[in-house]
Amino acid sequence: MSTLTTRCPTCQRLNRIPTTRVEQKPHCGQCQALLLDGVPIEGTTDNITALLSSSKPVVIDFWAPWCNPCVGFAPIFSDVAAERHDQIRCVKINTETQEALAAQYRIRSIPTIMAFKNGQCIDTINGALPKGQFDEWLNNALNK
């Protein structure tokens, strides 16, 4: 059985989820918080394939902790993840710790935001945006 590992956004414990249960709103084994909906998920080389195979569109924020625009954009990305948890799955990939993913997706500047449907990239935007502009870009991307 194939699994994905994700960090609980509440207690930070790592949780293994069978890929067959990704669509069933899994909870943390420690604190019972929702793992995959309402908050950005930490993307890694171990879980990205399973996350992208979701029936929900996936929006990935490629970022780094030293990047001021990335840090400033983080609350906007989190707000959108909470507001649209029924529509999309939000993933954050730290380009410092996930260099292979940054190379795989040819990330040249951060923040870079990519939208995926059925595992395929449908749109990309570079740079931090105000919430209104990000919502507008996301609406356009999801309607492609």
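## Cores, a helix pair and buried polar residues

Tyr105 touches Ile48, Leu52, Phe62, Met114 and Phe116, not counting residues up to four places away in sequence. The model is predicted. Tyr105 belongs to the largest nonpolar core, a set of 29 residues. Together with Ile60, Tyr105 touches the most other members of that core. Several elements build it: helix 1, strand 4 (58–63), strand 5 (89–94), helix 3 (99–104) and strand 6 (112–117) each supply at least two residues. Apart from this core lies another, of 17 residues. Its members include Val59, Phe77, Ala115 and Leu129.

Now follow strand 4. Val58 sits in this strand. Its relative accessibility is 1%, so Val58 counts as buried. Leaving aside neighbours within four places in sequence, Val58 is in contact with Leu51 and Leu52, with Arg89 and Val91, and with Met114, Ala115 and Phe116. The C-alpha atoms of Val58 and Cys90 are separated by 5.8 Å. Along the chain these two residues are 32 residues apart.

Asp61 also lies in strand 4. Is this acidic side chain's residue buried or exposed? Asp61 is buried, because its relative accessible area is 0%, and the cut-off for buried is under 20%. A polar contact of 2.7 Å joins the side chains of Asp61 and Lys92. Lys92 is also among the residues in contact with Asp61 when neighbours within four places in sequence are left aside. The others are Phe73, Phe77, Val91, Ile93, Pro111, Thr112 and Ile113. Asp61 and Arg89 are 28 residues apart in sequence, and their C-alpha atoms are 11 Å apart in space.

One of those contacts, Pro111, deserves a look of its own. Pro111 lies in the loop between helix 3 and strand 6. A cis peptide bond joins Ile110 and Pro111, with omega at about -5°.

Phe73 and Phe77, two more contacts of Asp61, lead to a helix pair. Both residues take part in the contact that helix 2 makes with helix 4. Helix 2 spans residues 68–83 and helix 4 spans residues 131–142. Their axes are 10 Å apart, and the helices pack at an angle of about 50°. Helix 2 and helix 4 are therefore oblique to each other. Their crossing is right-handed. From helix 2, the contact also involves Ile76, Asp79, Val80 and Glu83. Helix 4 brings Lys131, Phe134, Asp135 and Leu138.

Next comes Asn47. This residue is found in the loop between strand 3 (41–42) and helix 1 (48–52). Asn47 is buried, because its relative accessible area is 0%. What does its side chain reach at 2.8 Å? The partner is the backbone nitrogen of Thr44. A polar atom of the Asn47 side chain also lies 3.0 Å from the backbone oxygen of Thr5. Beyond four places in sequence, Asn47 is in contact with Leu4, Thr5, Thr6, Ile41 and Glu42.

Two loop residues remain, each with a backbone feature. Lys25 lies in the loop between strand 2 (14–18) and strand 3. Lys25 has a positive phi of about 55°, although it is not a glycine. At 38% relative accessibility, Lys25 counts as partly exposed. Asn118 lies in the loop between strand 6 and strand 7 (120–126). Asn118 has a positive phi of about 50° and is not a glycine. Its relative accessible area is 68%, so Asn118 is exposed.

Conventions:
Residues are numbered from 1 along each chain as its sequence is written. This is a predicted model: local features need pLDDT of at least 70, side-chain atom pairs count only at pLDDT 80 or more; totals for chains, interfaces and linings use all residues. Side-chain values use heavy atoms; hydrogens and water are left out. Helices (H or I, at least four residues) and strands (E, at least two) are DSSP runs, numbered from the N terminus. Buried means under 20% relative accessible area, exposed over 50%, partly exposed in between (1.4 Å probe, protein chains only). A polar contact is a pair of N or O atoms within 3.5 Å; within protein, one must be able to donate a hydrogen and the other to accept it, and residues adjacent in sequence count only if both atoms are side-chain atoms. Contact means heavy atoms within 4.5 Å. A nonpolar core is a set of buried Ala, Val, Leu, Ile, Met, Phe, Trp, Tyr and Cys residues joined through side-chain atoms within 4.5 Å. Axes are lines fitted to C-alpha atoms, for helices over the stretch in contact, and angles run from 0 to 180 degrees between N-to-C directions. Angles under 35 degrees count as roughly parallel, over 145 as roughly antiparallel, 65 to 115 as roughly perpendicular and the rest as oblique. A crossing is left-handed if the near helix is turned anticlockwise from the far one by less than a right angle, and right-handed if clockwise.
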